[in-house]
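Trainee: Hi, have you got a few minutes to go through a structure with me?
Mentor: Sure, put it up and ask away.

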2 protein chains.
Amino acid sequence: MDDITNQEQAIELLQQLGLKEYEAKSFVALARRQRGTAKDISDTSEVPRTRVYDAIRVLESKGLVETQHSNPQVFRAVSVDEAVNTLQSEYVERTESLRNTLSGLDPIDGDEQTETTHEVWSISGDQGITSRTRQLIEGATEELILVIGHEGVFTDQLVEQLQLARERDVKVIIGTVDDELRTTVQDALPDTEVFVSELEWLSRSPLPDDDTEISRLLLVDREAILVSSFTETTADGRGHEQGVFGRGFDNGLVAITRRLMATGLPSVNDPETERA
Amino acid sequence: MDDITNQEQAIELLQQLGLKEYEAKSFVALARRQRGTAKDISDTSEVPRTRVYDAIRVLESKGLVETQHSNPQVFRAVSVDEAVNTLQSEYVERTESLRNTLSGLDPIDGDEQTETTHEVWSISGDQGITSRTRQLIEGATEELILVIGHEGVFTDQLVEQLQLARERDVKVIIGTVDDELRTTVQDALPDTEVFVSELEWLSRSPLPDDDTEISRLLLVDREAILVSSFTETTADGRGHEQGVFGRGFDNGLVAITRRLMATGLPSVNDPETERA
DNA sequence: ATGTATTGTGATTAACTGAGTGAACGACTG
DNA sequence: CAGTCGTTCACTCAGTTAATCACAATACAT
């Protein structure tokens, strides 16, 4: 019974969703016993009895708890589904109204120098990088070279996006760093060319004491590039992903990567390519 | 151009979604001008220039902003749709994983006194009351008496739920406090009996200086009741709704309400009713 | 080359929020 | 009537965030 972990996770999630520590703990305690008094809740959570009341009041106003005004008061948690739906709809509501207000902002136009070339943008966090990756894949029209250096990035969603690209007649080439991952990818995308890169530096850093590994490397139509690396942050459990992304055939980063890919990947080498 | 309000609303929403004040302000400023330096952002928001950098870093890790590491650094906001989708999927993810962890909690069983009678639960907040209302309507099998005392509660969703109840052969009776509202309701639900209550206390409080009005009054199968009231909180813009809800034919609250309804509503008076 | 304005980082302080604790008061029990 | 329990309220302490300043690094103009 690893329910200790489970419970802590629920508390953590509730806090991420905007509840205070006491509120989250009280709710979880109450959800486990369906109904209970302030004392009951205080016993099964680590919330001081005197503060349970405040916490419950907040939970009640959010529609997660109901109160029986007897003496002693008895509290009751709504069903899990009801609670989750309530929270979820609250957030969907907020994001939708955010969408409206944001698109309703009137723009301030500064100097309109649309100097897209030579730009290199940096992004960080799995969220943003995944999003940018998707966008690039969706925008591909001819060729798509993707090197996966970290199994974590090979998600179902990614597979789906790649398949859509293939259906748009985009040539999809996928590289991996080891044979195990290659097999996984090949299984998921049978019709796609998948290989293990010969490039040493992709899988192993030439520097000692470097716990950063290449995570993704994406070249779209030979004119847009995204590279990301993954660092195991020793302290907390999960690491941090950061990357750069550039666009434009003349872009320095794009040019370099194009060359690197050409040397390391088998089928990228067709003569027509090297028009630089 | 009431964009001042619009902008403030966007900032407010972003903060509710977990961003800090500086982060929200920076993002909105950046979203308005598509790209800009720290100075630009500081000028169009009220964020001290020296703090823009921290804010942007956080935004970047959330996938809302990209950075060009030139000198001076240039920041760029992702598109509105992309930003909103990122935020939304983040929360949907969290709620779904919350659903799992919550339903995976092992219950603690206390004293199993399922003494449902005589219980009166109190709930507060539009969220919870609406949810409980829906649940009660869905559970109705024979009769459903609903008095609407505040136009705000008469939503499209409510109409839908009531129609579903009708299709289950539940007798639906709806009361209102004024004739204007009656017409609105009757239009939305043509096949349903809608009337204006004769009960004076429903629409006007007998006490002076009482800015609380009845909001909803729901009697389900004559054995479950929900009453809610609405108070204009003078300070902030919107008011607060609070209510009580009870179940069981013997329940005091239910019994009283049953009597009250019988005296105030025309068609609730069939002899078979008064079996108490 | 030199002075000046601008950019980015870090340190510091003030204001605020939330966690944690205890006093006080009323309700109920024996 | 005393003692226990339930509830609210007021308060302290710690951590976080907002806000300002000082300083180093860089670009820019003369």
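Trainee: What classes of residue make up the surface near DNA strand C?
Mentor: That surface has four nonpolar, five polar and six charged residues. In this scheme Ala, Val, Leu, Ile, Met, Phe, Trp, Tyr, Cys and Pro count as nonpolar, Asp, Glu, Lys and Arg as charged, and the others, Gly among them, as polar.

Trainee: Anything I should know about the model before I go on?
Mentor: It is a predicted model: local features need pLDDT of at least 70, side-chain atom pairs count only at pLDDT 80 or more, and totals for chains, interfaces and linings use all residues. Residues are numbered from 1 along each chain as its sequence is written, chains are lettered from A and ligands numbered from 1 in the order in which they are written, and side-chain values use heavy atoms, with hydrogens and water left out.

Trainee: OK, back to strand C. Which residues are closest to it?
Mentor: Of the 15 residues that surround DNA strand C, the closest are Lys20(A), Glu21(A), Tyr22(A), Tyr53(B) and Gln73(B). A residue is near a strand if one of its heavy atoms lies within 4 Å of it. Sugar and phosphate account for 55% of the atoms of DNA strand C that come within 4 Å of the protein.

Trainee: Which polar contacts reach the phosphates of DNA strand C?
Mentor: By polar contact we mean a pair of N or O atoms within 3.5 Å; within protein, one must be able to donate a hydrogen and the other to accept it, and residues adjacent in sequence count only if both atoms are side-chain atoms. Tyr53(B) puts a polar side-chain atom 2.5 Å from a phosphate oxygen of this strand. Polar backbone atoms take part too: one of Gln73(B) is 2.4 Å from a phosphate oxygen, and one of Glu21(A) is 2.9 Å from a phosphate oxygen.

Trainee: And which helix gives the most to that surface?
Mentor: Helix 4 of chain B, with four residues. Helices (H or I, at least four residues) and strands (E, at least two) are DSSP runs, numbered from the N terminus.

Trainee: Now DNA strand D. Which residues come nearest there?
Mentor: Tyr53(A), Gln73(A), Lys20(B), Glu21(B) and Tyr22(B), out of 16 residues around it. Here sugar and phosphate make up 71% of the strand's atoms within 4 Å of the protein.

Trainee: Which side chain lies 3.3 Å from a base nitrogen of DNA strand D?
Mentor: That is Thr50(B), through a polar side-chain atom. There is also Arg51(B), with a side-chain N or O atom 3.4 Å from a base oxygen. On the backbone of the DNA, a polar side-chain atom of Tyr53(A) lies 2.5 Å from a phosphate oxygen.

Trainee: Switching topic: how much area is buried between chain B and chain A?
Mentor: About 6,400 Å², with carbon and sulfur atoms giving 55%. That is the accessible area (1.4 Å probe) that two parts lose on being put together, summed over both. In chain B, Arg32(B), Ile108(B) and Trp121(B) lose the most area to chain A, together 11% of what that side buries.

Trainee: How many salt bridges are there between chain B and chain A?
Mentor: Six, where a salt bridge is a side-chain nitrogen of Lys or Arg within 4 Å of a carboxyl oxygen of Asp or Glu. Arg32(A) and Asp106(B) meet in one, at 3.3 Å, N to O.

Trainee: How do strand 2 of chain A and strand 4 of chain B pair?
Mentor: In the antiparallel sense, over two bridges; pairing requires that DSSP finds at least two bridges between the strands. Gln68(A) stands opposite Trp121(B) there.
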